[in-house]
Amino acid sequence: MPIEKSELLQGTLDMLILKIVELGPVHGYGISQRIRQISKEVLKMQQSSLYPALHRLEKQTWIAATWKLSENKQRTRVYRLTPAGRRQLASERSRWETLVGAMSGILAKPRESDV
């Protein structure tokens, strides 16, 4: 199934967030920090992209949020993955693996001048 450019970008962001939330309940800033750490500083999520994505994922019922008090007594929203989110993450992962396989095949093909 072909993947549209805008769908790829949004789908990739959604998949990253779902994967981080799958690791355990986390607040928004924690999501961006975990993505940064796990990607060894390659991926840096902007707050202007993160929070609209969190709202979209919550609206889709892929994540759920609850208010908690942080260590410094500030209210913060903590996100967790829902069963629907687990199914969506599995679907996104499958699509991503298909895309990576296709890209790997294209990039591994020798140039015509090498043949």
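The paragraphs below go through this predicted model from its overall layout to its core and then to its charged pairs.

The chain is built from 4 helices and 3 strands. Read from the N terminus, these elements come in the order α-β-α-α-β-β-α. The chain has 115 residues, and 31% of them count as buried. Its accessible surface comes to about 8,200 Å², and carbon and sulfur atoms account for 56% of that area. Contacts can also be sorted by how far apart the partners are in sequence. Taking contacts between residues at least 6 apart in sequence, 50% join residues at least 24 apart.

The next topic is the interior. In soluble globular proteins, nonpolar side chains tend to be buried together. In this model the largest nonpolar core has 21 residues. The residues with the most contacts inside this core are Ile17, Leu18, Val21, Ile31, Leu54, Ile63 and Tyr79. Six elements can be followed here by name: α1 (5–22), α2 (28–38), α3 (47–59), β2 (63–69), β3 (75–81) and α4 (83–108) each give two or more residues to the core. Helix α1 gives the most, with 6 residues.

Leu54 is a useful residue to look at in this core. Which residues does Leu54 touch, leaving aside those up to four places away in sequence? They are Ile17, Gly28, Ile31, Ile63 and Tyr79. Of these partners, Ile17, Ile31, Ile63 and Tyr79 are also listed among the core residues with the most contacts.

Two of the residues that Leu54 touches, Gly28 and Ile31, lead to helix α2. The buried residues of α2 are Gly28, Gly30, Ile31, Ser32 and Ile35. After α2 comes Lys40, and the phi of Lys40 is positive, near 55°.

The charged side chains come next. Side chains of opposite charge can pair when their charged atoms come close. A search of the whole structure finds 5 salt bridges, and three of them are described here.

One is within helix α1. The side chains of Lys19 and Glu22 meet in a salt bridge, with 2.8 Å from N to O. Both residues lie in α1, 3 residues apart, which is about one turn of the helix. Lys19 counts as partly exposed because its relative accessibility is 32%, and Glu22 is partly exposed too, with a relative accessible area of 29%. This pair does not stand alone: Lys19, Glu22 and Arg93 are linked in a network of salt bridges.

Another salt bridge joins the side chains of Arg36 and Glu41, at 2.9 Å from N to O. Arg36 has 31% relative accessibility, so Arg36 counts as partly exposed. Glu41 has a relative accessible area of 43% and is partly exposed as well.

The side chains of Glu58 and Arg77 also meet in a salt bridge, at 2.6 Å from N to O. Why does this pair tie together parts that are 19 residues apart in sequence? The reason is that Glu58 lies in helix α3 and Arg77 in strand β3. Glu58 is partly exposed, with a relative accessible area of 24%, and Arg77 is partly exposed at 21%. A residue counts as buried under 20%, so neither Glu58, at 24%, nor Arg77, at 21%, falls in that class.

Terms used:
Residues numbered from 1 in each chain as written. Predicted model: local features only at pLDDT ≥ 70, side-chain atom pairs only at ≥ 80, totals over all residues. Heavy atoms only, no water. Core = buried A, V, L, I, M, F, W, Y, C linked by side-chain atoms within 4.5 Å. Buried < 20%, exposed > 50% of the residue type's maximum accessible area, 1.4 Å probe, protein only. Contact = heavy atoms within 4.5 Å. Areas by Shrake-Rupley, 256 points an atom, 1.4 Å probe, with all protein chains shown as cover. Salt bridge = Lys/Arg side-chain N within 4 Å of Asp/Glu carboxyl O.
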